[in-house]
Amino acid sequence: MKKTAVFLILAMIACFLAGCKGGSAGGESHGEIRALMILSSADTFREMIAQEAANAANEQGIQLDLLVGDGTSDTQVKHIEEGVAQGYDVILCNPADTAMALQLEIAAGDVPMVYFNSCPDEKLLEKGKYVYVGSNEQDAGTFQAEYVLDKLASKEELNVMILEGERGHSATYGRTKAVKNVLNASGKKINYIFMDYADWSVEKAKNMFDIVLKTGRTVDCVLSNNDDMALGVIESCKEHDIDPSSLLILGVDATEGGCQAIENKEMSFTVCQSAPGQGRACVNAAKALVNGQDLTEVEYAMDNGLYVYVPFEPVTAENVANYK
């Protein structure tokens with residue numbers, strides 16, 4: 001995480017806790033729309049979303065304050081209740097647990113909410129009040145599986161390792177489900193030699209790959225739900241004198257570290273989930289809700305008015321320079 005982003009987050013948290021009415025993400029006082037953005041916890045991708053949302057809000061004259069939680073729904077409920085009490089017009093929430101979305105909505109009361117990064121069940125979304133901004137997670141998993149099947153087309157049997165994100169996160173579920181659906185439909189024999197939740201973490205993913213190496217099992221490919229976990233696998237390979245390019249290591253997000261690993265021929269593939277695109281879409285959706293506008297007027301919005309899906313894009317060595 002860059003020092004500027006750290007400073008930005010700390011400054012906005014301090015402003016909120018002090019009951020600040022006029023401070024914004026851009027450091028200036030803006031009048032009409034006051035938005036509160038709540039992260040369940042900080043990681044590389046969420047920080048990128050928050051940074052771009054801050055930029056977009058500043059450009060549009062929207063006051064955006066940010067809170068970073070401890071990964072629990074109880075804390076998020078408190079943050080939302082405090083935001084409502086302080087008169088925010090709209091809440092942008094990255095839910096710690098999508099199963100707790102109803103409690104978050106009860107806490108929000110009449111204040112509209114834009115969910116982002118992890119999507120609740122559609123029955124908890126409501127046109128004009130509770131909407132979701134993200135990307136279609138199944139596309140990411142599909143792109144990963146298709147890449148593996150193309151690169152390993154000559155093999156009739158594949159030993160696959162899947163590193164999942166947080167339990168209960170919609171991206172974890174959507175990406176993993178799509179990967180398995182596509183692989184299972186390939187006609188090949190698929191051996192899932194290891195699957196577990198590494199919680200988007202470099203360190204946890206590294207430790208899990210260390211465990212797999214100790215078993216002596218052959219690994220053809222590691223499909224990670226995000227880039228940080230793929231980078232953890234690469235770290236483990238290097239510590240064990242294994243050339244990372246000797247197996248397929250795949251991630252999602254096209255973070256700076258992920259793209260650099262592809263350029264270094266250590267990581268095979270990632271999928272660009274545009275954090276800047278999602279950050280801006282969050283602000284655009286929030287503005288539409290506050291102004292009573294139809295969400296379908298927002299770029300990438302679905303016709304049902306419940307979702308804004310910023311497209312995923314496959315990233316390989318051939319096009320990675322376009323994403324740095």
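## Helix 3 and helix 4

Helix 3 and helix 4 are roughly parallel to each other, because their crossing angle falls under the 35 degrees that sets this class. The model is a predicted one. In it, the axes of helix 3 (residues 73-85) and helix 4 (residues 101-108) come within 8 Å. They cross at roughly 20°. The crossing of helix 3 past helix 4 is right-handed.

Helix 3 brings Ser73, Gln76, Val77, Ile80, Glu81 and Val84 to the contact. Helix 4 answers with Gln103, Leu104, Ala107 and Ala108. By class, the residues of this contact are 6 nonpolar, 3 polar and 1 charged.

## The six-stranded sheet

Both helices also touch strands, as described further below. The sheet concerned is open and has 6 strands. Their order is 2-1-3-4-5-11, and the pairing is parallel. Strand 2 (63-68) and strand 11 (307-309) are the edge strands, each pairing on one side only. On average, neighbouring strands of this sheet are turned by 20° against each other, direction ignored.

Helix 3 packs on this sheet and touches strand 1, strand 2, strand 3 and strand 4. The direction of helix 3 makes about 170° with that of strand 1. Helix 4 lies across strand 3, strand 4 and strand 5 (130-134). Helix 4 runs at about 150° to strand 4.

## Strand 3 and its partners

Strand 3 covers residues 90-93. Which way do its side chains point? Val90 and Leu92 point one way, while Ile91 and Cys93 point the other way. All of them are buried.

Strand 3 pairs with strand 1 (residues 34-39) in the parallel sense, over 4 bridges. Within strand 3, Leu92 stands opposite Met37. Strand 3 also runs parallel to strand 4 (residues 113-116), joined to it by 3 bridges. Leu92 has Val114 as its bridge partner in strand 4. For Ile91, the bridge partner in strand 4 is Met113.

## The four-stranded sheet

A further open sheet holds 4 strands. Its order is 7-6-8-9, with parallel pairing. The edges are strand 7 (189-197) and strand 9 (248-250), and each pairs on one side only. From one strand to the next, the twist averages 15°.

Inside this order, strand 6 (residues 157-164) and strand 8 (residues 221-224) run parallel. They are joined by 4 bridges. Val160 has Cys221 as its bridge partner in strand 8.

## Helices on the four-stranded sheet

Helix 6 (residues 170-184) lies across strand 6, strand 7 and strand 8. Helix 6 runs at about 170° to strand 7. Helix 8 (residues 227-239) packs on the sheet as well, touching strand 6, strand 8 and strand 9. The direction of helix 8 makes about 145° with that of strand 9.

## Helix 2 against helix 10

How do the axes of helix 2 (residues 44-59) and helix 10 (residues 275-290) meet? They come within 7 Å and cross at roughly 50°. That angle makes helix 2 oblique to helix 10. Helix 2 passes helix 10 in a right-handed crossing.

From helix 2, the contact takes Phe45, Met48, Ile49, Glu52, Ala53, Asn55, Ala56, Ala57 and Glu59. From helix 10, it takes Ala275, Pro276, Gln278, Gly279, Arg280 and Val283. The residues of the contact of helix 2 with helix 10 divide into 9 nonpolar, 3 polar and 3 charged.

## Positive phi after strand 7

The loop between strand 7 and helix 7 (202-215) contains Asp199. Phi of Asp199 is near 60°, a positive value in a residue other than glycine. Trp200 lies in the loop between strand 7 and helix 7 too. Trp200 has a positive phi of about 70°, although it is not a glycine.

Is Trp200 buried or exposed? Trp200 is buried, because its relative accessible area of 8% falls under the 20% cut-off. Asp199 has 30% relative accessibility, so Asp199 counts as partly exposed.

Methods: Residues numbered from 1 in each chain as written. Predicted model: local features only at pLDDT ≥ 70, side-chain atom pairs only at ≥ 80, totals over all residues. Heavy atoms only, no water. Axes fitted to C-alpha atoms, helices over the stretch in contact; angles between N-to-C directions. Helix = DSSP H or I, 4+ residues; strand = E, 2+ residues; numbered from the N terminus. Parallel < 35°, antiparallel > 145°, perpendicular 65-115°, else oblique. Left-handed = near helix turned anticlockwise from the far one by under 90°. Contact = heavy atoms within 4.5 Å. Nonpolar A, V, L, I, M, F, W, Y, C, P; charged D, E, K, R; others polar. Buried < 20%, exposed > 50% of the residue type's maximum accessible area, 1.4 Å probe, protein only. Pairing = 2+ DSSP bridges.
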